[in-house]
Each structure stands twice: as structure tokens, then as C-alpha cells.
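Please open the model in your viewer, keep a selection box at hand, and follow the stops below in order.

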Amino acid sequence: MKNVTAEEMTAVPMTMTVQEYIPMLLMNTAFEPGTCMEFIESLTDPDVKKMAYAEYYYFSGQHEKAVEYASPYLNHENAMVRMSACLICSFANLSLNHIRDARRGLDRLQESLAQYEHADQANKALLAFIGGASRVLLHLPTDGLPNMAESIRFLPEGMRFWGCYVMAHEAYLKQEYGQSLGIVQACQSMSTKTYPIARIYLDLMGAMDAMNLRKTELAKKYFMDAWETARPDDLIEGIGEHHGLLQGLIETCMRDDWPEDYKRIIEITYRFSYGWRRIHNSDTNEEVVDNLTTTEFTIAMLASRGWSNAEIAEHMRLSERTVKQHLSTVYTKLNIDKRSQLNEYMLR
């Protein structure tokens, strides 16, 4: 593979050849839903094609294959390829419960980012994108990373949408749900092309914001938009990753109509959540709970956000009695005795 530096990459007009050196190429490429494999097969550089397959395997929940394809590139001389491999291997290994390998990937990523401390503004934008994505998704502090808001305009278009997702997620974690939703809406209104992976994550972010703003119908619309974009190429990883924060939308919108897809997504949820908590809890000294079923966790999330049993029952299509039974089990597992104590164990 031709060795192209980050400086050379940003100095050349954006053609398909140069696009192949953008980190996380698949995520930052426009293609019609249902044509993902066709796009990957159109790539001519064998290394770039293999990394695109690694991305596809990750975003479709095939974590073993993602690691298999990406790990040979962890020490690649091209910084963009290397950082993509680090990002994919970190999160795929997290879902495989290979926590040591996940941490090693994150450490390598931070080392690569540090090498570009004095990079120009365009490359600093790339660093903000990669560094921000790796930290925000784990709900870890972003102190010391380049400012995404100041640098997002220097990113290629596809990457800007992912940058908007990272910014919106950061606002969400600060409980600024209206601002987060505004970022999502503004970003989506500017696009004339379809970037399926970034669009899925933005729609999921909009659904999360709407749920916390008690706009459940809007939340369902965002979720279904994400699902309809994900379905043709089986890009289901993001849905599973966001299960807890979606607060019952997966169950409400998918369980009855797409039972097999629902089962696969919940399997992704369990795998991702377990590894996520092993890194998040130890790094933040928080205790996001890991011994609840997905239904118990969802009910506990809604209860911790002030939903009544009747509201939870209606939203999740359960009886109030079933909701009470689940909450009783949650209290027993967490060794607590009242609703207000749930906040200590739930996602923010």
C-alpha cells in the first residue's frame, strides 16, 4: 500500500483514491443502504479493502472477524490505517471480553494521537474525531483532547456527521438533551447524501434525547429511522451498543415485529455492555450495574428518570404488575430498598 502521510492526505482534492486514506473509511463514506458490500468490493487497494471489511464486521456485530481483519494493521506505518485498526480492535475486543487487548488498543490509539500534537488544523480535526469517539462512547473524560466544536469544519463531510454525533453525545452526557437534539437536527438538515453508519448513530442519538425530553413518539420515529437504515446491510452494532440509553425503544419497536433481529441485537447488548462496564467502572470509580437483564435495566433506567410504573408499563407494553415485579427484582439485586437509590447504578 502506498504510504501517504496525513499532511499529504489533506493537501489533495477529495477523490476516491484519497478517500481511501480517511480513518474509518466505511463509516465516513456515502452509499445507498443495501450497497455496503458493493462499495467495499469496489476498493482497489487490498489493505484498505481489508480494513473496510474489518469495519463492516464490527458494525454488523461480528466482533471476532473484526479483530481478525484489523489486528494485522495495529502497527501499520500509515497513521490513518493504524488508528482505524486501534479503534476497531479496541471496541471489538471489548465486546469479546478481551479487556486487556481493548485497553492495549486504546493505549496505542492515544500514543498515535500524541505523535500529532503539533499537527496543522486539518489533522487536529482528525485527531479530535478519533480521540473523541474513543472516549465519549465509553463515557470517559475528554480532557486534553482537541476541541471538536472548533475543528469540525475542517473534517471531510462524512466525518463531520460522525463528529456531530460525538458532540451530541457529549452534550447528552452533560444532560443537555435539548442542545444534543439540536445538534442532531442541524447536522441531518445539512446532508444531501446518505452516510448510513453516521446516520444510524445520529438517529439513535436523537431517539435518546427525545426519550429524556419525554417526547416518546419522536423517539420512536428516530429509532425506526435508524433501524430502517441499518436493516439492508445488517449494521446492527450501534443499536445494541445504545440499548440502555434507548430506554425501552428496542423492546417497544422491535421485539414483536422483528423477533430474530431483536435477539441478535440483545446478544450484542450483553456482550458490549459487560466489557464497557469493566472499563468504564474501573476508570471512573462509578458502579454502573452489570447484573440486570436488559428488561430489568430498562425499567430501572426509566424509574430512575422519574417515570411512574403506569408510564413504564404503557411504554414497554407490559402490565403494571409485571413492572412492579421487575423493580422488586432490581432492588434485590442491587441491595437497595427505594426508587431514589437507582441513580447510583444507572447510566447517566
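Begin by selecting arginine 317, which lies in the loop between α19 and α20. In this predicted model, arginine 317 has a positive phi of about 60° although it is not a glycine. Is arginine 317 buried or exposed? With a relative accessibility of 54%, arginine 317 counts as exposed, because the cut-off for that class is over 50%.

Keep the loop in view and add the two helices on either side, α19 (residues 309-316) and α20 (residues 320-334), whose axes come within 8 Å and cross at roughly 110°. The two helices α19 and α20 are therefore roughly perpendicular to each other, since angles from 65 to 115 degrees are put in that class. To display the contact, show Asn309, Ala310, Ile312 and Ala313 on α19, together with Glu320, Val323, Lys324 and Leu327 on α20. Coloured by class, the residues of this contact divide into 5 nonpolar, 1 polar and 2 charged.

Now step back along the chain to helix α18, which covers residues 294-304. How many of the residues of α18 are buried? The count is 11 of 11, so that the helix is mostly covered, buried being under 20% relative accessible area. Among these buried residues are Phe297, Ile299, Met301 and Leu302, and also Glu296 and Ser304. Just after α18, select glycine 306, which takes a positive phi of about 95°.

Within α18, centre the view on threonine 295, a buried residue with a relative accessible area of 15%. Which residues does threonine 295 contact once its neighbours within four places in sequence are left aside? They are Arg255, Met316 and His326.

The next selection is another pair of helices, α10 (residues 157-173) and α11 (residues 177-189), which pack at an angle of about 170° with their axes 7 Å apart. This angle makes α10 roughly antiparallel to α11, because angles over 145 degrees count as such. From α10, the residues to show are Phe161, Cys164, Met167, Ala168, His169, Ala171 and Tyr172, which meet Tyr177, Gln179, Ser180, Ile183, Val184 and Cys187 of α11. By class, the contact of α10 with α11 has 10 nonpolar and 3 polar residues, and no charged ones.

For a stop in a loop, select threonine 29, which is found between α2 (16-19) and α3 (36-42). At 3% relative accessibility, threonine 29 counts as buried. If you show its side chain as sticks, you can follow it to the backbone oxygen of leucine 25, which the side chain of threonine 29 reaches at 2.6 Å. Beyond its neighbours within four places in sequence, threonine 29 is in contact with Phe39, Thr194, Tyr195 and Pro196.

A second loop stop is asparagine 97, located between α6 (79-95) and α7 (99-114). Like the arginine at the start of the tour, asparagine 97 has a positive phi although it is not a glycine, here of about 65°. Asparagine 97 is partly exposed, its relative accessible area being 34%.

Then move to methionine 224, whose place is in helix α13. At 22% relative accessibility, methionine 224 counts as partly exposed. Not counting residues up to four places away in sequence, methionine 224 touches Cys253 and Trp258. A C-alpha to C-alpha distance drawn from methionine 224 to leucine 249 comes to 9.2 Å in space, for residues that are 25 apart in sequence.

With that helix still selected, switch the colouring to pLDDT. Which elements have the lowest and the highest mean pLDDT? Helix α1 (residues 6-11) has the lowest, at 33, and helix α13 (residues 216-230) the highest, at 97. Over residues 1-20 the pLDDT is below 50, and this stretch has 41 contacts in the model beyond near neighbours in sequence. The protein as a whole averages a pLDDT of 82, and 79% of the residues score at least 70.

Finally, clear the selection and show the whole chain. The protein has 20 helices and 0 strands, and buried residues make up 56% of its 348 residues. Of the contacts with a separation of 6 or more, 67% are between residues 24 or more positions apart.

Key:
Residues are numbered from 1 along each chain as its sequence is written. This is a predicted model: local features need pLDDT of at least 70, side-chain atom pairs count only at pLDDT 80 or more; totals for chains, interfaces and linings use all residues. Side-chain values use heavy atoms; hydrogens and water are left out. Buried means under 20% relative accessible area, exposed over 50%, partly exposed in between (1.4 Å probe, protein chains only). Helices (H or I, at least four residues) and strands (E, at least two) are DSSP runs, numbered from the N terminus. Contact means heavy atoms within 4.5 Å. Axes are lines fitted to C-alpha atoms, for helices over the stretch in contact, and angles run from 0 to 180 degrees between N-to-C directions. Angles under 35 degrees count as roughly parallel, over 145 as roughly antiparallel, 65 to 115 as roughly perpendicular and the rest as oblique. Ala, Val, Leu, Ile, Met, Phe, Trp, Tyr, Cys and Pro count as nonpolar, Asp, Glu, Lys and Arg as charged, and the others, Gly among them, as polar. A polar contact is a pair of N or O atoms within 3.5 Å; within protein, one must be able to donate a hydrogen and the other to accept it, and residues adjacent in sequence count only if both atoms are side-chain atoms. pLDDT is the predictor's confidence in each residue, from 0 to 100.
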